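Biologist: I am new to this structure. Could you show me how to read its features, one at a time?

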Amino acid sequence: MCKLQNVFRLLAIPLLSILSACSCSSIRLPGYLRRHMNPSVDACDDFYAHACGGWAAAHEDRAYRSQLEHLDHVYHGKLATLLELPAVEGQPRFVQILRDNYSACRKMQGRFQAPQFVRWLATWGNMSLALGQQPEMDYRRLLLLFDEGFSFNLHSESERFFAPAAESELKATREAVQWLLQLQLPWPAGDVEVASSDLQPLTRNQFKRLYRALQPLGVPAQQLWQQVKQLERQLCEAPPQGAETEVESGAESGAESDSDSDSGQVYPLAERLLPDNWLLPLPLALNNSSALPAAHWALYARRLRALLATRPLAQLMRYALLRLLHQLQLRAAPSFGRQECAAQSRHLLTHAAVWLLQQQQSEQERATLHATLQQLFEQLRRRFELLLLSNRNRFRAATQHFLLDKLQRMRLRVSVLPQADPATQRQLLEAHYASLHLSDSDYYGNLLATLQQIDQWHRDGNRDVASLLLLQSDGFGSYASPYFLPDRNLVMLPISLLATPLYRTHQATVLSQSALGFLIAHEMSHGFTPTDIHYDGRGHVAASQQKLRIHRNARFSNQIRCLRRSHKEMTDIDEKFADINGLSLAFETFNATTPLANNSMRQLFFLNFAQFFCQDSSRLEDSPVHGGSRERVNDAVANLESFARAFSCAFRQKHQCRLF
């Protein structure tokens, strides 16, 4: 087991002076690092548990569940406080828009009505609920929303419906759906306990209540009830065990129940197999099974998609709205508190929110922050350049020039605000929000107007990199996670990331290089992943000849295969490469710029890096793209011999996978 006695020994020397230049044999860890650790776990066996084993207990009963969410939580609290202050004379109009949006959201507290929300959703999806002859409606938004957001199993229907559409139309629709799903709206939460009534067909009485709440839903009540009843009976016909079945469009059977039932039972299937936000009823043979074979569930899913594809799209959309309302009414009303409304306002009006919070810093503080980060970026770029110049893959001269030019042209940008002087920045923001008008009391009207404006901004085309940077539909740019834009060759650091504990003015170099240095290097590495390496230094896709030169390089291809073999559980090895290469670059930069660093400081480097990934242990992420936090930390350090030396571990990585 590694020894950390020296790390915990108290010294009378101030921490910052020790960390800036230290030739002594020991240092004291900052209090927040010690509070989040579990030193009883051997760092060599499970470094994540060693570094983050105390994080959950230290943040018990908090609204956030990870270090990253903590940063956003603090940011939203600051934003809410500013928006609740009286308006300042001479404030920009876009700040008042932000205040109005926040105020309208807060007024929803205790007044939320699920039917109103579902009707609004139909409006957003361009679906008319009026009776009578309906023109051909565009259901694409609702179709993708229920398919991708609520596991409605309409994949085959989605493909058929979008087949005639241009790829750009599908992309625009998918982005609109992503924007909606990113908001903290009252979606049925996937981690809420599932009761029996969630997975059963609607009774006649339940249907009547739902129809009255949403009426007229485009068709008379009795006609729609017959459609729903028939569809749900077909949905609840479980396929024979172990055999394929054809979908029968058939007749109704069985007696109808007019009584509501809710036993409160939690079905084993819901705990193990159901995707988040499942809306549909399940056959009894499935929801009562305690040991359901995976093949049987797969058979049901295939049959379900085939059955739904036989139904008219308008009928499916009405049914989906009914089931969504049913789910919402089974759950407690959502909160429209300070955190929720600040988060939603920030996501919809990010530039205005960033500007308002940025005004709380002095010009000197902002200048120091930008200078510190740009210096760190240049140090990392120099280390990456040395790595490329070593040319382990023996690339030809043309490919070497392509890679080095891309690295040289890569830029770091802090904040999504225009890179301009304060007066010009304010002028650009005023123009950006000029056509947006919001109310301080119409929550749903504001939501619709803002989402429509976001669509318009993106239809207007890309903005210049020196001006407003439009946000991405997946949420990047509107919360604390950094990201890389391959078509701009740009590393983005949101301003909300630059807060305690990741950033303090004049903090020790080792703390900056281990956390922010890793994050910047991780995003820089994305420019050289198998997916994005084909973009050149100006953000253009390289010529096909250049692509072939890279992929036909035997050493580079072998290392890609090495990564895939070593991390078979990952659907995308880009993130794994970025983690490993990012940590390696950050440590080499620290090592090169801190010649007096001792072993205790190296341990501090790795501990501070790992704690960026700390989160509630009961909710460890298990993403096939990024992997879980435990795997990300442990896999990254396992590839570094420098980590093994720092903690006296055996270096087990006999064959490292290194793309460069």
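Modeller: We take the disulfides, then the salt bridges, then the sheet. Keep in mind that this is a predicted model.

Biologist: Let us start with the cysteines. How many disulfides are there?

Modeller: Look for pairs of cysteine sulfur atoms within 2.5 Å. The count here comes to four disulfides. One of them joins Cys44 to Cys649, with an S to S distance of 2.0 Å.

Biologist: Which parts of the chain does the link of Cys44 and Cys649 tie together?

Modeller: Place each end in its element, then compare the positions in sequence. Cys44 sits in the loop between helix H3 (31–36) and helix H4 (47–52). Cys649 is in the segment after helix H30 (641–646). The two parts are 605 residues apart in sequence, so the pair ties them together across that stretch.

Biologist: Is Cys44 buried or exposed?

Modeller: Buried means under 20% relative accessible area. Cys44 has 18% relative accessibility, so this residue counts as buried. Cys649, at 15%, counts as buried too.

Biologist: What is the hand of the link between Cys44 and Cys649?

Modeller: Read the angle about the S-S bond. For Cys44 and Cys649 that angle is -85°, and the link is left-handed.

Biologist: Which cysteine is joined to Cys52?

Modeller: Cys614 is the partner, with S to S at 2.0 Å. This link of Cys52 and Cys614 is left-handed, with -85° about the S-S bond. Cys52 lies in helix H4, and Cys614 in the loop between helix H28 (599–610) and H29, so the disulfide ties together parts 562 residues apart in sequence. Both ends can be checked for burial. Cys52 is buried, with a relative accessible area of 5%. Cys614 is buried as well, with a relative accessible area of 0%.

Biologist: How far apart are the sulfur atoms of Cys562 and Cys657?

Modeller: They are 1.9 Å apart, and the two residues form a disulfide. The torsion about the S-S bond is about -65°, so this disulfide is left-handed. Cys562 is in helix H26 (residues 554–566), while Cys657 is in the segment after H30. Those parts are 95 residues apart in sequence, so here too the pair is a tie between them. Cys562 and Cys657 are buried.

Biologist: Now the charged side chains. How many salt bridges does a search of the whole structure find?

Modeller: Look for a side-chain nitrogen of Lys or Arg within 4 Å of a carboxyl oxygen of Asp or Glu. The search finds 12 salt bridges. Asp72 and Arg346 form one of them, with their closest N and O atoms 2.8 Å apart. Asp72 belongs to helix H6 (residues 67–83) and Arg346 to helix H18 (residues 338–348), so the salt bridge ties together parts 274 residues apart in sequence.

Biologist: Are Asp72 and Arg346 buried or exposed?

Modeller: Asp72 is buried, with a relative accessible area of 10%. Arg346 counts as buried at 3%.

Biologist: Where do Glu385 and Arg382 lie?

Modeller: They lie three residues apart in helix H20 (residues 363–390), which means about one helical turn separates them. They form a salt bridge, the closest N and O atoms being 2.7 Å apart. Glu385 is partly exposed, with a relative accessible area of 25%. Arg382 counts as partly exposed at 42%.

Biologist: Which residue forms a salt bridge with Arg632?

Modeller: Asp579 does, with the closest N and O atoms 2.8 Å apart. This pair links distant parts of the chain, 53 residues apart: Arg632 is in helix H29 (residues 629–638) and Asp579 in helix H27 (residues 574–593). Arg632 and Asp579 are buried.

Biologist: Last, the sheet. In what order do the strands come?

Modeller: Find which strands pair, then read across. Three strands form an open sheet in the order E1-E3-E2, with mixed pairing. Strand E1 (411–414) and strand E2 (483–485) are the edges, each pairing on one side only. Neighbouring strands are turned by 25° against each other on average, direction ignored.

Biologist: How many bridges join E2 to E3?

Modeller: Three bridges join E2 to strand E3 (residues 490–493), and the two run antiparallel. Tyr483 has Met492 in E3 as its bridge partner.

Biologist: Which helix packs on the sheet?

Modeller: H20 does, touching E1 and E3. The direction of H20 makes about 155° with that of E1.

Note on methods: Residues are numbered from 1 along each chain as its sequence is written. This is a predicted model: local features need pLDDT of at least 70, side-chain atom pairs count only at pLDDT 80 or more; totals for chains, interfaces and linings use all residues. Side-chain values use heavy atoms; hydrogens and water are left out. Helices (H or I, at least four residues) and strands (E, at least two) are DSSP runs, numbered from the N terminus. Buried means under 20% relative accessible area, exposed over 50%, partly exposed in between (1.4 Å probe, protein chains only). Two strands pair if DSSP finds at least two bridges between them. Axes are lines fitted to C-alpha atoms, for helices over the stretch in contact, and angles run from 0 to 180 degrees between N-to-C directions. Contact means heavy atoms within 4.5 Å.
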